[in-house]
Amino acid sequence: MMKNQLPEELMAGSSESPYGICTVVFSENKIYTLAFCEYEIFEKEYKNYFSGICLKTDNELSDKIIYSIFYEKREFEIELIGTEFQKNVWHELMKIPAGKTSTYKEIAININKPEAVRAVGNAVGANPVSFLVPCHRVLRSDGAMGGYRWGLAVKRLLLDVENIKL
DNA sequence: ATAAAGGCCACCC
DNA sequence: GGGTGGCCTTTAT
């Protein structure tokens, strides 16, 4: 994992979303992480990802940002930190419009590594900005739902809200 | 350096 | 439906 471009200090906090409690990490103008779990869990899962970075918890600001994202649908800039391969995959995810789906295989083809389907699965799973980088829109080639970092119930709900039938 | 583990896929039965 | 081998990247020994 690459962690060079990270600033020295970021803000973080948890709040309720329509899909359950979630945690954000953000700076003045960018989102670094959006995870569907409470802060304590997040801290453990991402302690490596943010190692050496001071995360200042600010729940009031986090509330506002999470509200903005899910209810006001405000657009935020996103800062994606990862390997080149991962960023390629994540950029592909952002091309999938709401209400549409893709497959792990299709993404592998689009990034010009048609054999790397399994690696794509890993990269999709490592997406640090859930929801805004719509990793939930990726299904298996056979139509099955595949997995979801934060539990299949959340993935199902996200798809359902976008009117995506399985 | 090497091994092991994946949010998979294609193929077989 | 279920099992198996192959593929490629990342992470952990």
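This passage describes the surface near DNA strand B and the surroundings of glutamine 86 in a predicted model.

The surface near DNA strand B was examined first by composition. Around the strand lie 17 residues. Of these, Tyr104, Arg118, Asn122, Cys135 and Ser141 come nearest. By residue class, the surface near DNA strand B holds seven nonpolar, five polar and five charged residues. Two helices, α4 (104-110) and α5 (117-125), each contribute at least two residues to this surface. Helix α5 provides the largest share, with seven residues.

The strand itself was then considered. Among the atoms of DNA strand B within 4 Å of the protein, sugar or phosphate accounts for 42%. The rest belong to bases.

Individual polar contacts involve both bases and phosphate. A polar side-chain atom of arginine 118 is placed 2.6 Å from a base nitrogen of DNA strand B. Cysteine 135 uses its backbone instead: one of its polar backbone atoms lies 2.7 Å from a base nitrogen of the strand. Lysine 105 also contributes through the backbone, with an N or O atom 3.4 Å from a phosphate oxygen of DNA strand B.

Attention then turned to glutamine 86. This residue sits in helix α3, which spans residues 84-93. A polar atom of the glutamine 86 side chain lies 2.9 Å from the backbone nitrogen of threonine 83. Beyond residues up to four places away in sequence, glutamine 86 touches Ala123 and Ala126. Of these two partners, Ala123 falls within the residue range of α5 (117-125).

Methods. Residues numbered from 1 in each chain as written. Chains lettered and ligands numbered in written order. Predicted model: local features only at pLDDT ≥ 70, side-chain atom pairs only at ≥ 80, totals over all residues. Heavy atoms only, no water. Helix = DSSP H or I, 4+ residues; strand = E, 2+ residues; numbered from the N terminus. Polar contact = N/O pair within 3.5 Å; in protein donor to acceptor, adjacent residues only side chain to side chain. Contact = heavy atoms within 4.5 Å. Near = heavy atom within 4 Å. Nonpolar A, V, L, I, M, F, W, Y, C, P; charged D, E, K, R; others polar.
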